Structure formats: structure tokens, C-alpha cells
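The following exercises are to be worked with the sequence and the structure in view. Each task is followed by a solution in steps.

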Number of protein chains: 2
Amino acid sequence: MKKLPKISESEWLVMQALWSRGPLTANEVVEELAPKAKWKPKTVKTLINRLVKKGAVKFKKEGRKYRYYAAVSEAKCVGTESRSFVQRVYGGTARPMLAAFLEDAELSAEDIAELKKILEQKEGE
Amino acid sequence: MKKLPKISESEWLVMQALWSRGPLTANEVVEELAPKAKWKPKTVKTLINRLVKKGAVKFKKEGRKYRYYAAVSEAKCVGTESRSFVQRVYGGTARPMLAAFLEDAELSAEDIAELKKILEQKEGE
DNA sequence: TAATAGAAATTACATCTGTAATCTTAGGAG
DNA sequence: CTCCTAAGATTACAGATGTAATTTCTATTA
């Protein structure tokens, strides 16, 4: 099992761009993030580089520029981060957290229906 | 509205001790955390000091020692941290996060019942 | 082929974190 | 009243992070 590198807050944005838009050049990442963060292009490049150094991102050379892609699975990172969050903020037990979120979140009727379905499935072991 | 100071991972443990056990001396915090973290007492004191400097913790003098207590509300901190988490990891929409957690968490029958109740309440606006 | 522009690599630098050790000081023991 | 001890205050120091700028290549253009 590979060790997931630790991804910082800012780096998460970069990873999300790479996860959702597949392999991208540095500039494409910059464009992708432009609406989400007010970073200078150089800042984005730095973040990409750090992720490469951490092993979270790899790249293929393509002429003089690189095409970057995520080297760690989104699902794994999300899972790790989620467990860490529940641990830190809720002391490890998910139920109070779920209750708080369910109460607080704006959920559409369909959202509620789906979540109830999930709960009912869990009910039957 | 007061700005919540940013509380780091390690600092969260200290805050939790103070939130749940009320005003404590530094040594009591150390004892409280002993089972949860393998920190030297000096480390715990440092964390307390940083929290005081950040305004998250205050203290009353009591002879030559201080009695520390949380100066920010647990609910507010938990809320802030939760929103930040959903934002970072799930891009701001709670539903996929809730679905993932509901599927993944080990929930007792009572847990499920309570969560369903919450959902049903939300259903009626 | 030489110059240029745009990538990537390297360097910068303050702040935050994790993890303590050392210094200072005031209150209690003698 | 003095000395010691334990609290709190200050200092330490490396690595992570946020946020870039500067330097170095290299492929393409003139």
C-alpha cells in the first residue's frame, strides 16, 4: 500500500483540477484555477512542483512543456482527509458530525431522499 | 462577530480538553492529554501558550499558576472547521460528502434512527 | 545559427507547526 | 529571610505552507 502524501489546503485546489480535468499543462491548471483562487501563475507552478516532489502528481514530457496528472487516487485522498477531519474535530465518532451536518446543510428533496435510501440500506445490515 | 483564530491539528486536542473539562491548570491539561498524545509536558505548555496568544484561550491567575479556559465556542470552531473541510475536500457541496460518510461509517441502529429522524424533519422544511 | 520567449528549476522569505529545552521568577519550605 | 522548585516566559530549530520572483533552459523563429 502506497503512503499518501500530505496535501495542503492550497494544494487541494490543484489536485482537484487535475482529478477532474485529467492531464493538464501548467498553464491549463492556472486557467482552471483562475476563478477559484487569486493566485499568480508562479504560485500555481510552485504548488504543482511541490506536489510532484511529494509524489502526488506526475507528468509526461510533451515537447518543451509537461503535462501533469494526479498520481494518487481522489477517493483515497478524500477518505484519508475525511477520517482525519472526523478524528480531529469530532474525536473520531462520525455520528455527531453527521447529525450536525444533516441539520445544517441545505438539502434538496432529492438529496434527502437519497440519503434516506442509504440509511435504509444500512439498516438491513 | 469575532474572528475565530485558526487552530492547528495539535492545538485542537488542547482545545477539546478545555472545552470538555472546563478551566484547567497547565498540568491538568497535560494529564488530560497524556492518553491521547505522546507529548512532553513542555510541548503541551507551548500549545497552550500559542492558543493564548491567538486569543482562543484565556486564563485566570490562581496563586502562582494559571487556570486556562477556552475563549472561543466549541460550536463555532467545529462549524468553521467543518465548512472549511467540506469546501476543501468536497468543493463545497455537502451531499456527496454526507453520502460517502453515511455509506462508510459504522452506525448503530439507534444512530440510523436518529439520523433518519433528522432527515424527516428537514423534509417538512 | 543566433536570439527570444516561454517552460521548468531554483531561490526567497515570512509565518505556522511540531516538538521541545532553557531562562526567569514568584511562592512555599526551612 | 533565603533558597529551591515548579510555573510560566522566552528561545530554538527544522520542516511545511503561502506566495512569489529570479534563473536557467530549450524549442521555435527570424
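**Exercise 1.** Determine which atoms of DNA strand C are approached by the side chains of B:R50, B:T46 and A:N27.

*Solution.* The model is a predicted one. Begin with B:R50: an N or O atom of its side chain lies 2.8 Å from a base nitrogen of DNA strand C. Next, take B:T46, whose side chain places an N or O atom 2.7 Å from a base nitrogen of the strand. Finally, turn to A:N27; here the partner is a phosphate oxygen of DNA strand C, 3.0 Å from an N or O atom of the side chain.

**Exercise 2.** Describe the protein surface near DNA strand C.

*Solution.* First, count the residues: 22 surround the strand, and the closest are A:Y66, B:S8, B:K42, B:T46 and B:R50. On the DNA side, sugar and phosphate make up 62% of the strand's atoms that come within 4 Å of the protein. Second, sort the residues of this surface by class: eleven are charged, six polar and five nonpolar. Third, identify the elements. Those that each supply at least two residues include helix 2 (26-33) and strand 2 (65-70) of chain A, and helix 1 (9-21) of chain B. Helix 3 of chain B contributes the most, with six residues.

**Exercise 3.** By what turn and shift can chain A be laid on chain B?

*Solution.* A turn of 179° with a shift of 0.0 Å along the axis superposes them, the RMSD being 0.1 Å. The two copies are therefore related as by a two-fold rotation axis. In chain A, the C-alpha nearest this axis belongs to A:K116, at 3.2 Å. Both copies use the same surface, for 100% of the contact residues of chain A recur in chain B.

How values were computed:
Residues numbered from 1 in each chain as written. Chains lettered and ligands numbered in written order. Predicted model: local features only at pLDDT ≥ 70, side-chain atom pairs only at ≥ 80, totals over all residues. Heavy atoms only, no water. Least-squares fit on C-alpha atoms with pLDDT ≥ 70 in both. Contact = heavy atoms within 4.5 Å. Near = heavy atom within 4 Å. Polar contact = N/O pair within 3.5 Å; in protein donor to acceptor, adjacent residues only side chain to side chain. Helix = DSSP H or I, 4+ residues; strand = E, 2+ residues; numbered from the N terminus. Nonpolar A, V, L, I, M, F, W, Y, C, P; charged D, E, K, R; others polar.
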